[in-house]
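Let us walk through this structure together, one chain at a time. Have the sequence and the 3D view ready as you read.

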Amino acid sequence: MDVQQQIRDTVTKNPVVLFMKGTAQFPQCGFSARVVQILKACGVEEMVTVNVLADEAVRQGIKDYANWPTIPQLYVKGEFVGGCDITTEMYQSGELQQLLEPIVSAR
Amino acid sequence: MLDPKQIETWIAHGMNCDHLQVEGDGQHFQAIIVSVEFEGLSRVRRQQRVNAVLKDHFDSGILHALSMQTLTPVEWQAQRG
């Protein structure tokens, strides 16, 4: 399977997916760590994280997938939400909680 | 070491900005970009617009972390109060 298809599968089969540097437990970049914290603060307990440092093809591929040059990248229900700035802004305005509410309450 | 002024020049050459300010320590940068081009665009689309302008520099690896606030002139006025 090519890497674009692999990414598409990952983001469409899982409600919350974060492409990040490191893991949720051990983030290796401050921006990635911040998004993990925000998701937890929104009540998201099950998120799929993909460590781009562990796979060079995914690290390049995800930048092309969303036409977005930086990591982290957050996907909710298959849609690209944004990187660290946008996620932070949406959390501060309450939009992110709204977006995640159906997923959090469905558990 | 990348100079924030260099990033300002790259952005200013690629798009029409009403106000532009980039600060940073040579590794991580923060930009405030005010442009009429952002009107009617979502946050993602706005940032993609700027990313497209800077694509070559992201691809080359010289630029890897740029936080940005992307505002329309009206939003910028409102934010300044």
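Before we start, one definition will help: a helix here is a DSSP run marked H or I of at least four residues, and helices are numbered from the N terminus. Keep in mind, too, that what you see is a predicted model.

Let us begin with chain A. It contains five helices and four strands, and along the sequence they follow the pattern α-β-α-β-α-β-β-α-α. The radius of gyration of chain A is 13 Å, close to the 13 Å that the globule rule gives for 107 residues, so chain A is as compact as a globular protein of that length. If you lay the C-alpha trace of chain A along its principal axes, you find spans of about 35 × 25 × 25 Å.

How much of chain A is buried? Of its 107 residues, 43% are. The chain also folds back on itself: among contacts between residues at least 6 apart in sequence, 60% join residues at least 24 apart. On the outside, chain A exposes about 5,400 Å², and carbon and sulfur atoms supply 47% of that. As for charge, chain A carries 9 positive and 12 negative charges, with mean positions 4 Å apart.

Now look inside. The largest nonpolar core has 33 residues, and the ones that touch the most other members are V16(A), F19(A), L39(A), L74(A), Y75(A), L96(A) and L100(A). Among the elements of chain A that give two or more residues to this core are α1 (3-13), β1 (16-20), α2 (30-41) and α5 (95-105). The top contributor is β1(A), with five residues. Try picking out V16(A) in the view: leaving aside residues up to four places away in sequence, V16(A) touches L39(A), V44(A), E46(A), M47(A), V48(A), L74(A), Y75(A), L100(A) and I103(A). There is also a second, separate core of 18 residues, which includes L2(B), F29(B), V50(B) and L63(B).

Next, follow α4(A). Its buried residues are C84(A), D85(A), I86(A), T87(A), T88(A) and M90(A). What covers them? The cover includes α2, β3, β4 and α5 of chain A, together with α2 (43-53) and β3 (65-71) of chain B. Just after α4(A) comes G94(A), which takes a positive phi of about 90 degrees.

That brings us to chain B. Chain B has four helices and three strands, and from the N terminus on they run α-β-β-α-α-β-α. The radius of gyration of chain B is 12 Å, close to the 12 Å given by the globule rule for 81 residues, so chain B is as compact as a globular protein of that length. Along its principal axes, the C-alpha trace of chain B spans about 35 × 20 × 20 Å.

You can ask of chain B what you asked of chain A. Of the 81 residues of chain B, 46% count as buried. Of the contacts in chain B with a separation of 6 or more, 51% are between residues 24 or more positions apart. The accessible surface of chain B comes to about 4,400 Å², and 48% of it belongs to carbon and sulfur atoms. Finally, chain B has 7 positive and 10 negative side chains, and the centres of these two sets lie 7 Å apart.

Terms used:
Residues are numbered from 1 along each chain as its sequence is written. Chains are lettered from A and ligands numbered from 1 in the order in which they are written. This is a predicted model: local features need pLDDT of at least 70, side-chain atom pairs count only at pLDDT 80 or more; totals for chains, interfaces and linings use all residues. Side-chain values use heavy atoms; hydrogens and water are left out. The radius of gyration is taken over C-alpha atoms; the globule rule is 2.2 Å times the number of residues to the power 0.38. Buried means under 20% relative accessible area, exposed over 50%, partly exposed in between (1.4 Å probe, protein chains only). Contact means heavy atoms within 4.5 Å. Accessible areas come from the Shrake-Rupley method with a 1.4 Å probe; for residues, only the protein chains shown count as cover. Lys and Arg count as positive and Asp and Glu as negative; His and the chain ends are not counted. The place of a charge is taken as NZ of Lys, CZ of Arg, CG of Asp or CD of Glu. A nonpolar core is a set of buried Ala, Val, Leu, Ile, Met, Phe, Trp, Tyr and Cys residues joined through side-chain atoms within 4.5 Å.
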